[in-house]
Amino acid sequence: SLSSGRPAGRPVPATSPHEERSPRTDSVRLALVALSAGTALWIELRFFDLRIFYHWDVWLSADPNTYLQVFAIEGDSWLRHVALGPLVYDVVELLALALGALGLTDGTAVAVRIWLALLVVPAAAAVRTLLLFEVFRRLTDRAWVGGALCLLDIAAFATVTIGAVPESYPLSAACIAAMYWLMTEDTTPRPSVRVGLWATLGALATGITTTNVLPFAVLFGIDLYRRRAPMWASSVTAAKTLALSAAIFLTYSLVHPFARSTMLELDAQGAANEELVRVPSGEMAGMIAWSMGHTFIAPPPVLADSWTGPERNADYLKQITYYPPYTHTWSSWWRALVTMAVIALGIVGHSRHRNAVTWLAAPLLVLAGNFGLHLFFGDEFILYAMHWTSSMVLLVGGLALLSGRLQRVGSVVLALFVALTVANSWILLSDMLQLLELM
């Protein structure tokens, strides 16, 4: 497995005798995928029934109202999501037409597309879980560890909130999981195939959210490093991949009518006029840290007057939000400290690993890059938690790499942390739904 050493210049096969497919592993994999998709769908339908998607910025400052319309009705794009709308809308429309041709629909075309659009996020969750399970299996040959880490990702506060509604973030999370999968995958038969996979993934990820260029650059760069090819060969591979990715992105953006209309509107004046919230860097760094600390277990968010104001949200004046200013009490502190302590212990496990560049440097660089990006970008950090959840889960996975006397401690800590995350998310979600039912 990737946990063993390897001769210089030759990648290690992605599987070992311990990782061969077995009925038990396949059953675990299938159960996790079903749990991931089912959980996302259940939460999404509950919010839909409560008419949350009919209002602006009600759920953690997210905007599933707009995204559901883009996915199912309009397909249009905007500045940082050039290809997201068209990509999803095209698939939804084709499926709706196919179902209609087969006589399997009962309702208006718009209603059918809306119901199909509600399946987009559960499908992305299933793909993310499937890919992460394979990544975790490469990290360790203990199947229960891979299952526990997937369960942690499924039950994380970020996943059951912003990761379970129509938004760009769940799709970005699936793309980032795919990057980790490709970075640790060593059975691709031909270099040209690998170049094509990275190029397509880069174009897809940046088309969904342009900030995905950051994890793409980090993980693709580490993938090149892992292969230990000569510098000139790595440079040629990188140039080919980036050129092909840019060609795919630009061709799609200029050929597709929705994407083309967005690209043509992006002039220098429009970009200069875009308003970004500016917060002092010290305060912003604190907000990012709190958001990361509450990725898995979080206190109940503040129930406050809608920051959007009645002029934008006239018929729904309250929302559940993590929008600042926060009020941090002991209930907030202990959750963040537990998360940071678990990750710190996981980092210890990774640091003793001979493949620390793959399993430790990659997620740390993705997290550091996101931290730096958001110091400039804005302050709605809970929204972007899906951009770093997979990286944080991978750091927690270092608990399985502890050796000696700490090995059993790592296993116990991992099991307890997963159980705590599941319980906290269940209680929080139940409380939030009750509050929303009363509003």
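Let's start right at a helix contact: in α1, the residues T25, V28, R29, L32, V33, S36, A37, A40, L41 and E44 meet a set in α5 made up of V121, P122, A125, A126, T129, L130, F133, E134 and R137. Sorted by class, that contact has 12 nonpolar, 3 polar and 4 charged residues. Please keep in mind throughout that this is a predicted model.

How do these two helices sit against each other? Helix α1 covers residues 23-49 and helix α5 covers residues 120-139, and they pack at an angle of about 150° with their axes 8 Å apart. An angle over 145 degrees counts as roughly antiparallel, so α1 is roughly antiparallel to α5. The crossing of α1 past α5 is right-handed.

Now let me step back for a moment and show you the whole chain. The protein chain has 18 helices and 2 strands. It runs to 439 residues, and 52% of them count as buried. If you take the contacts between residues at least 6 apart in sequence, 77% of those join residues at least 24 apart.

Back to α5, please, because we can follow it to another partner. Its axis and that of α17 come within 11 Å and cross at roughly 25°. Angles under 35 degrees count as roughly parallel, and α5 and α17 are therefore roughly parallel to each other. Here, too, we have a handedness: α5 passes α17 in a right-handed crossing. On the α5 side you can pick out R128, L132, V135, F136 and L139, and they meet S390, V393 and L394 in α17. That contact divides into 6 nonpolar residues, 1 polar and 1 charged.

If you keep going past α17, which spans 389-396, you enter the loop that leads to α18, at 406-438, and in that loop you find L399. Is L399 buried or exposed? Its relative accessibility is 0%, so L399 counts as buried. And what does L399 touch, leaving out residues up to four places away in sequence? The list is V342, L345, G346, G410, V413 and L414. There is also a distance to look at here: L399 and V348 are 51 residues apart along the chain, and their C-alpha atoms are separated by 8.0 Å.

One more helix pair, and then we'll turn to the cysteines. Helix α8, residues 169-183, packs with helix α9, residues 191-208, at an angle of about 160°, and their axes are 10 Å apart. α8 and α9 are therefore roughly antiparallel to each other. This time the crossing of α8 past α9 is left-handed. From α8 the contact uses L171, S172, C175, A178, M179, L182 and M183, and from α9 it uses R194, L197, W198, L201, L204, A205 and I208. By class, those residues are 12 nonpolar, 1 polar and 1 charged.

You may have spotted C175 in that α8 list. C175 is buried, at a relative accessible area of 4%. Another cysteine to find is C150, which is also buried, with a relative accessible area of 2%. How many disulfides does the structure hold? The count is 0. As a reminder, a disulfide is a covalent bond between the sulfur atoms of two cysteines.

That's the tour, and I'm happy to go back to any of these places with you. Thanks for listening!

Methods:
Residues are numbered from 1 along each chain as its sequence is written. This is a predicted model: local features need pLDDT of at least 70, side-chain atom pairs count only at pLDDT 80 or more; totals for chains, interfaces and linings use all residues. Side-chain values use heavy atoms; hydrogens and water are left out. Axes are lines fitted to C-alpha atoms, for helices over the stretch in contact, and angles run from 0 to 180 degrees between N-to-C directions. Helices (H or I, at least four residues) and strands (E, at least two) are DSSP runs, numbered from the N terminus. Angles under 35 degrees count as roughly parallel, over 145 as roughly antiparallel, 65 to 115 as roughly perpendicular and the rest as oblique. A crossing is left-handed if the near helix is turned anticlockwise from the far one by less than a right angle, and right-handed if clockwise. Contact means heavy atoms within 4.5 Å. Ala, Val, Leu, Ile, Met, Phe, Trp, Tyr, Cys and Pro count as nonpolar, Asp, Glu, Lys and Arg as charged, and the others, Gly among them, as polar. A disulfide is a pair of cysteine sulfur atoms within 2.5 Å. Buried means under 20% relative accessible area, exposed over 50%, partly exposed in between (1.4 Å probe, protein chains only).
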